[in-house]
Structure formats: structure tokens, C-alpha cells
Amino acid sequence: MTDLVLYHAPQTRSIRVRWALEEMGLDYRIEPVQFKSRPAGDEAFAKISPLRKLPAFRDGAMTMTESNAILQYLLGKYGPSDLEVKPDEADYGRYLQFLHFGEGGMTMPVSLLLAHTALLPEDQRNPALAKWAKIETGKLLDYLADHGLDGRDWLAAGRFTAADISVVYMLYLLKIIRQFDAAPEILKVYFARATGRDAWKKASAD
Ligand SMILES: N[C@@H](CCC(=O)N[C@@H](CS)C(=O)NCC(=O)O)C(=O)O
């Protein structure tokens, strides 16, 4: 039996980890977590993920709860894989930039947009904050179009990598909350290219 366990709920960042596991062809087990009400999961889940957030991941006795860090763990421990760009490749810095941009650079505006257009009850939404988050998210999308993709199929190294997994998840989140329609065309084509992969189809299935 496999040691790799992914605590997962549809539409959450655990898709990133599942996508990498599928792309790498690793054997893993899914532990479904209820995400319809918050906090996510139950008391047993809280022992694995004290913040009751997804994803959570276990490799034997080792647990992690930060999606892109889990990608790095899988690549470091179970690679080599083309998903990773190595330090001796020309696009190493570019790869790290976009791997982290997908979470570090994008989360704040995208989360505020999510909260103030979809997640919070209507009487708790702040329209000024929603407007600001929409403008800031638009800047992020322009940056990705102009500096991430500028004539490329993938963000780094001329191939699909974990940086694409990181960023495409955020585009998917924007799509779910209907904030992707005005995105630059090049990003829409990129999103379709990435989500055409078999591993995405498995990772994003319920
Ligand atoms: N930076 C973390 C963010 C984790 C996170 O916020 N996950 C969301 C689902 S996509 C969650 O569990 N939210 C539930 C909550 O905040 O209560 C990561 O990349 O894993």
C-alpha cells in the first residue's frame, strides 16, 4: 500500500498536488475531506491540518499543508521529473518566479475577489474592496500574459512544469468565480492548453 496520502476536496488547491501526482505517475491514496461547511474536515483532519485547510498531504509519518511546497517535496523526493526545472537549466530562476507567483503573488487579490464577490454572504461583501481586488487581479493577469507567456506555450523551460500547475490553479479559481472572462486571450488559450492534459482531467474530477 502506498505511503502517499492526499487529503482532498474538489476545486481546492489540493488539485495542484493531485495534478503533480498524476503527471508523475505516482501511486497515492485520496482521503476525501468535507469542504461544504467550514472549518473543513473534522477533528481527525485537524490533527493533520491544524488550520483545517486543504491540501494536506502525508508521506508515512511526514505531513505538509502548503500546496506548492508539497509539489517541491514530490519533485525532490520522487523525481527526477520534467515538471521540475533544475538549477543548471537557463530558466531555473524563471521557473521559481512563476512557481511562487501562483501562490505568493496571486493569492491576496484573488482571495479578496473571491470573498467579496462569491464567498461571503452578500451583506458582508465590501464593493470597494471587490473593485480594488478586481483591478489588482487584472494587473496580475496582464503580467502573466505580457511577461509569463509572451509568445511561449508554457511559463518556463519550454515545457509544462510545476510553475504551470501553480498558476493554472489560480486561473481555474478565477474561472469558477466568473472573473476570467475578461482575461487576455493568450491566457485563455494557455488555460485551455494546460487543462487539456489528461492529468488535469483526473486531478480536477470530483
Ligand atoms: N497557501 C495555502 C493555502 C491553503 C488554502 O487556503 N486552502 C483553501 C482551499 S483552496 C482552504 O482550505 N480554505 C478553507 C479555509 O480557509 O477555511 C496552499 O497553497 O496550500
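## A walk outward from helix H7

Just after helix H7 comes Arg178, and the phi of Arg178 is positive, near 55°. Most residues other than glycine have a negative phi. That makes Arg178 a handy place to begin. Keep in mind throughout that this is a predicted model.

Step back into the helix itself. H7 covers residues 162–176, which makes 15 residues. From its first C-alpha to its last, H7 reaches 21 Å. That is close to the 21 Å expected at 1.5 Å a residue.

How many residues of H7 are buried? The count is 12 of the 15, so H7 is largely enclosed by the rest of the structure. The buried stretch takes in Ala162, Ala163, Asp164, Ile165, Ser166, Val167, Val168, Tyr169, Met170 and Leu171. Leu173 and Leu174 are buried as well.

Which helices do the buried residues of H7 pack against? The list includes helix H1 (14–24) and helix H3 (67–78). Helix H4 (92–105), helix H5 (107–119) and helix H6 (127–149) are also on it. Helix H8 (185–195) completes the set.

Now move on to the loop between H7 and H8. Gln179 lies there. Is Gln179 buried or exposed? Gln179 is buried, because 22 other C-beta atoms lie within 10 Å, and 20 or more are enough for that label. Leaving aside residues up to four places away in sequence, Gln179 touches Leu113, Lys134, Thr137 and Leu174. Leu174 is itself one of the buried residues of H7. Asn126 offers another point of reference. Gln179 and Asn126 are 53 residues apart in sequence. In space, 17 Å separate the two, C-alpha to C-alpha.

With H7 in place, look at the whole chain. The protein has nine helices and four strands. Starting at the N terminus, the order of elements is β-α-β-α-β-β-α-α-α-α-α-α-α. The C-alpha atoms fill a box of roughly 50 × 45 × 25 Å along the principal axes. A compact globule of 206 residues would have a radius of gyration near 17 Å, and the protein agrees because its own value is 17 Å. Buried residues make up 34% of the 206. Contacts reach along the chain too. Among contacts with a separation of 6 or more, 65% join residues 24 or more positions apart.

The protein is divided into two parts. Domain 1 spans 4–78, and domain 2 spans 92–204. Their centres, taken over C-alpha atoms, are separated by 20 Å. Where the two meet, 13 residues of domain 1 are in contact with 14 residues of domain 2. Which elements give two or more residues to the side of domain 1 that touches domain 2? They are H1 and H3. H1 gives the most, with seven residues. By class, this side of domain 1 has five nonpolar, three polar and five charged residues. Both H1 and H3 are also among the helices that the buried residues of H7 pack against.

Next, find the ligand. It is surrounded by 13 residues. The closest are Thr12, Arg13, Lys53, Leu54 and Ser67. The shell divides into four nonpolar, three polar and six charged residues.

Leu54 leads to a feature of the backbone. Most peptide bonds are trans. The bond that joins Leu54 and Pro55 is cis, with omega about 5°. Pro55 lies in the loop between H2 and strand S3 (56–59). A further cis bond runs from Arg38 to Pro39, with omega near 0°. Pro39 is found in the loop between strand S2 (29–32) and helix H2 (43–48).

The loop between H2 and S3 also holds Arg52. Arg52 is not a glycine, yet its phi is positive, about 55°. Arg52 counts as partly exposed because it has 18 C-beta neighbours inside 10 Å. Ala157 is a similar stop, located in the loop between H6 and H7. Its phi is positive, about 65°, although Ala157 is not a glycine. With 19 C-beta neighbours inside 10 Å, Ala157 counts as partly exposed. From there the chain goes on to H7, back where the walk began.

How values were computed. Residues are numbered from 1 along each chain as its sequence is written. This is a predicted model: local features need pLDDT of at least 70, side-chain atom pairs count only at pLDDT 80 or more; totals for chains, interfaces and linings use all residues. The radius of gyration is taken over C-alpha atoms; the globule rule is 2.2 Å times the number of residues to the power 0.38. Two residues are in contact if their C-beta atoms, placed from the backbone, lie within 7 Å. The expected span of a helix is 1.5 Å times one less than its number of residues. A residue is near a molecule or strand if its C-beta atom, placed from the backbone, lies within 6 Å of it. Ala, Val, Leu, Ile, Met, Phe, Trp, Tyr, Cys and Pro count as nonpolar, Asp, Glu, Lys and Arg as charged, and the others, Gly among them, as polar. Domain bounds come from an automatic or database domain assignment.
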